[in-house]
Amino acid sequence: MEIKNLIRKNILALSPYSTARDEYDGQIGTFLDANESPFENGYNRYPDPRQRELRSLIGVIRGVEPANIFIGNGSDEAIDLMFRIFCTPGRDNAIAVAPSYGMYEVAAGINDIEMRKVLLNPDFSLPAEALLEAADSSSRLLFICSPNNPTGNAFDRGEIIRVVENFAGIVVVDEAYIDFSDRAGLLGALASYPNLVVLQTLSKAWGMAGLRCGLAFASSEIIRYMNMVKYPYNINLATSENVKRLLSGPVSDQVAVIKRERGRLARAIGSLGFVEKVFPSDANFLLVKVDDADALYDYLIARGIIVRNRSRVPLCQGCLRITVGTPEENRRLLDSLNSYKRDDL
Ligand SMILES: *Cc1c(COP(=O)(O)O)cnc(C)c1O
């Protein structure tokens, strides 16, 4: 597959903005090139537009070469860049599983790209055949979120690969929740599939949602286009410093706590009379089907607890999405759930 043939013509022809800081690589002591303030306050200098240090740190953690890593202002930047690089507005289309992360459709809409949504199978498994059937000669992107938000399940790896092998465009696999899953992600498959883009994020397991740092892994060719189209200084210095500091934090211990709490919560919630089903989860949240989702949602808000009401989402009728919190937060949730209905009597 020739990636070049999928790139928008205007992007192929683009000569990117060259920053003052792109032009040197050696040791410089006096910076009079970028019209910055010379008075040091920690942030008076522009950050590295190529994010060399961060990419090499993340490369070591994930076992991926820096040339195959893009760092964005959240995954949302990477999602938007996919449309801007591969889709001609008003002409091309994209495909995504449904229900899934809302940002794919919003980014499609902003870029004037038709989004074709393909419902998951009733058991939430991947509708690989239907996804491929939804494609035509103008289909450029296909989004698969695994583990999927809001259903919580990871898809069968062989089924995802079947889509990657048979779709004539770019397949974006969003692994925002992969650290909570016992299944391996697709980073190991990158070298075999030039049309595969894997998204991950520091916003969930890594605990840095407030810093806005999303990751994309792909062939060096795709990464080169992403770096060409992004804002030159998309990752600011404060974010980059804090990410570096927090990357060595106790993330694997925290993930272990969340996974243990997820199991405990699922069993406790599953035993409540008004709960019809707790869906299996490979993520840090549970999708829970109850007898009256709106009523329970309002009840929890009145008790100072907010969850996500997904009851109007296709295939999720009657469902709330509940994030796994600290053991103390989960205890508070269970206390409230245990007194629900009993309070009404
Ligand atoms: C939370 C989430 C993200 C993270 O987005 P950021 O912009 O990196 O914070 C990405 N994809 C999915 C499916 C998510 O649920």
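Reader: In what order do the seven strands form the open sheet?

Author: The model under discussion is predicted. Its seven-stranded sheet is open, and the pairing within it is mixed. Strand S1 (69-72) and strand S3 (114-119) are the edge strands, each pairing on one side only. Read across the sheet, the order is S1-S7-S6-S5-S4-S2-S3.

Reader: By how many degrees are neighbouring strands of this sheet turned against each other on average, direction ignored?

Author: The value refers to neighbours in the open sheet of seven strands. With direction ignored, the average turn between neighbouring strands is 20 degrees.

Reader: In which sense, parallel or antiparallel, do S2 and S3 pair, and which residue in S3 stands opposite Ala 98?

Author: Strands of a sheet pair through backbone hydrogen bonds, in either a parallel or an antiparallel sense. For strand S2 (residues 93-98) and S3 there are six bridges, and the sense is parallel. Opposite Ala 98 in S3 stands Leu 119.

Reader: At about what angle to S4 does helix H3 run?

Author: Helix H3 comprises residues 75-86 and lies across S1, S2, S3, S4, S5, S6 and S7. Strand S4 itself covers 139-145. Relative to S4, helix H3 runs at about 160 degrees.

Reader: Why are the buried residues of helix H7 on the same side of H7?

Author: Helix H7 spans residues 220-229, and its buried residues are Ile 222, Ile 223, Tyr 225, Met 226 and Val 229. They lie on the same side of H7 because the arc they cover around the axis is only 160 degrees.

Reader: Does Ser 203 count as buried or exposed, and with which side chain does the side chain of Ser 203 make a polar contact?

Author: Ser 203 is located in the loop between strand S6 (196-201) and strand S7 (214-217). Its relative accessibility is 13%, and a residue under 20% is buried, so Ser 203 counts as buried. Leaving aside neighbours within four places in sequence, Ser 203 is in contact with Met 208, Ala 209, Arg 212 and Cys 213. The polar contact, at 3.4 Å, joins the side chain of Ser 203 to that of Arg 212.

Reader: What radius of gyration does the protein have, and does that value agree or disagree with a compact globule?

Author: The C-alpha trace spans about 75 × 50 × 30 Å along its principal axes, and 50% of the 345 residues count as buried. A compact globule with 345 residues would have a radius of gyration near 20 Å. The value for the protein agrees with this, at 22 Å.

Key:
Residues numbered from 1 in each chain as written. Predicted model: local features only at pLDDT ≥ 70, side-chain atom pairs only at ≥ 80, totals over all residues. Heavy atoms only, no water. Buried < 20%, exposed > 50% of the residue type's maximum accessible area, 1.4 Å probe, protein only. Helix = DSSP H or I, 4+ residues; strand = E, 2+ residues; numbered from the N terminus. Arc of directions from axis to C-beta. Polar contact = N/O pair within 3.5 Å; in protein donor to acceptor, adjacent residues only side chain to side chain. Contact = heavy atoms within 4.5 Å. Pairing = 2+ DSSP bridges. Axes fitted to C-alpha atoms, helices over the stretch in contact; angles between N-to-C directions. Rg over C-alpha atoms; globule rule 2.2 N^0.38 Å.
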